[in-house]
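Q: I would like to learn how to read a few features of a protein model, one at a time. Could we start with the space inside it?

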Amino acid sequence: SDELTLVLSDIGFDKKGRLESPDSGGSAGMVFGREGEYLLVNGKNRPVIKARAGAPQRWRIVNAAKSRFFYLDMDGQAFHVIGGDGGLQESTMTMDGLLVTPGERFDVIVYPTGKPGTSLVVQAALYNRGYGSVEYRIPEDLLTIEFSNQPPMTIAPPPKVSRSIAPPVVAGATGVELELTLPPVSSGKSEFLVNGVPFWKAKPYLAKLGERQLWTVTNKTTWDHPFHLHGFFFIRLDEHGDPIRPLAWKDTVNIPMKKTVRLLVDFDERPGEWMFHCHLLE
Ligand SMILES: [Cu+2]
């Protein structure tokens, strides 16, 4: 089987062929993030992979783009997710489209297939992360898989991967509420706030060493935010406060617009100051 690391990103240039400047997006870029015009996989625009149809491949995917969300579509063919940010997950999860937000990593098994001698395009499909992400836009080609003339391999059943992760005990965790807002400020611009405070005024949130905390992050804005925590992995909880199965260690999770996401994190060791931030970088 083939094993590939796929670093997804994008890049944009100005009219003189220089890298687009970080402030070229204006106030829309401030709330939406800036996306480059050209999609890149391992630094290449629309690269080609050669493969035998139906042959299993393991792809380790990272979204290294500054702002672009990649919603991967392999003409509807399955992605079998076996792991992510923090290594293998509890069990395999199969999806026909894979959303990879900036900063996120996925470990997937795929069996791309088609007629020998033809090709299959993996596209970045439309995903609505707020105004500007789907309006006047179409799916974009990301990479091409060219099938050899060998007869297709029979598609194997989804891989059974398992990792024993003890379901964490939620009771007794210290609650921390975070509310993300985007109110207008006096100058006519707007500013992202966490619990009413902008980054430049914020004081650290506190945790004791060994403390388990339940972070409830509510996104009141109309744009998604990929939430990223340094130094620690967390487990996602559903709206009832139960761990989401299959259990997976994450350090980056999308907080969709107007939605609440719950994270259980153990500040087990590594004292000091650790950052959490939105992974829209520019
Ligand atoms: Cu954000």
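A: Gladly. Let us begin with residue classes: Ala, Val, Leu, Ile, Met, Phe, Trp, Tyr, Cys and Pro count as nonpolar, Asp, Glu, Lys and Arg as charged, and the others, Gly among them, as polar. Please keep in mind throughout that this is a predicted model.

Q: With those classes in hand, how many nonpolar, polar and charged residues does the lining of the largest cavity have?

A: The lining has seven nonpolar residues, one polar residue and five charged residues. The structure holds one cavity of 30 Å³ or more, and the space in the largest cavity comes to about 140 Å³. Its lining is made of 13 residues, with Arg68, Phe69, Ala125, Ser133 and Arg137 closest to the centre.

Q: Now to the pockets. How much space lies in the second largest pocket, and which residues lie nearest its centre?

A: That pocket contains about 570 Å³ of space. It has 30 lining residues, and those nearest its centre are Glu104, Arg236, Ile244, Lys250 and Val253. By class, the lining splits into 14 nonpolar, seven polar and nine charged residues.

Q: Where does the second largest pocket lie with respect to domain 1 and domain 2?

A: Look at which domains contribute to the lining. Domain 1 (2–147) and domain 2 (174–278) both give residues to it, so the pocket lies between them. Several strands each supply at least two lining residues, among them S6 (79–84), S7 (87–95), S16 (234–237) and S17 (252–255).

Q: Let us turn to the metal. Which protein atoms are the donors of the copper ion?

A: The donors are ND1 of His225 and SG of Cys278, at 1.8 to 2.0 Å from the copper ion. His225 belongs to strand S15 (residues 225–229) and Cys278 to strand S19 (residues 276–278), so the two donors tie together parts that are 53 residues apart in sequence.

Q: Are His225 and Cys278 buried or partly exposed?

A: Here the cut-off helps: buried means under 20% relative accessible area, exposed over 50%, and partly exposed in between. His225 has a relative accessibility of 6% and therefore counts as buried. Cys278, at 28%, counts as partly exposed.

Q: Strand S19 makes me curious about aromatic residues too. How is a pair of rings described?

A: A pair of aromatic rings is described by the distance of the centres and the angle of the planes. This structure holds 10 aromatic pairs. In the pair of Trp215 and Phe276, the ring centres are 5.1 Å apart and the planes stand at 80 degrees, so the pair is edge-to-face. This pair links distant parts of the chain, with Trp215 in strand S14 (residues 211–219) and Phe276 in strand S19, 61 residues apart. Trp215 is buried at 5% relative accessibility, while Phe276 is partly exposed at 23%.

Q: Which residues do ring pairs link into a cluster?

A: The cluster takes in Tyr205, Trp215, Phe227, Phe232, Phe267, Trp274 and Phe276.

Q: Last, how far apart in space are the C-alpha atoms of Thr118 and Ile145?

A: The C-alpha atoms of Thr118 and Ile145 are 8.6 Å apart, with the two positions 27 residues apart in sequence numbering. Thr118 sits in the loop between S9 and strand S10 (119–125), and at 35% relative accessibility it counts as partly exposed. For Leu264 and Asn219, 45 residues apart along the chain, the C-alpha separation is 17 Å. Leu264 is in strand S18 and is buried, with a relative accessible area of 4%.

Methods: Residues numbered from 1 in each chain as written. Predicted model: local features only at pLDDT ≥ 70, side-chain atom pairs only at ≥ 80, totals over all residues. Heavy atoms only, no water. Donors = N, O, S within 2.8 Å, 3.2 Å for Na, K, Ca; no water. Helix = DSSP H or I, 4+ residues; strand = E, 2+ residues; numbered from the N terminus. Buried < 20%, exposed > 50% of the residue type's maximum accessible area, 1.4 Å probe, protein only. 1 Å grid on protein atoms, 1.4 Å probe; cavity = no way out; pocket = protein on both sides within 12 Å on 5 of 7 lines; lining within 4 Å. Points joined across faces, edges and corners; volume = space filled by probe spheres on them. Domains from an automatic or database assignment. Phe/Tyr/Trp six-rings, centres within 6.5 Å; stacked < 30°, edge-to-face > 60°.
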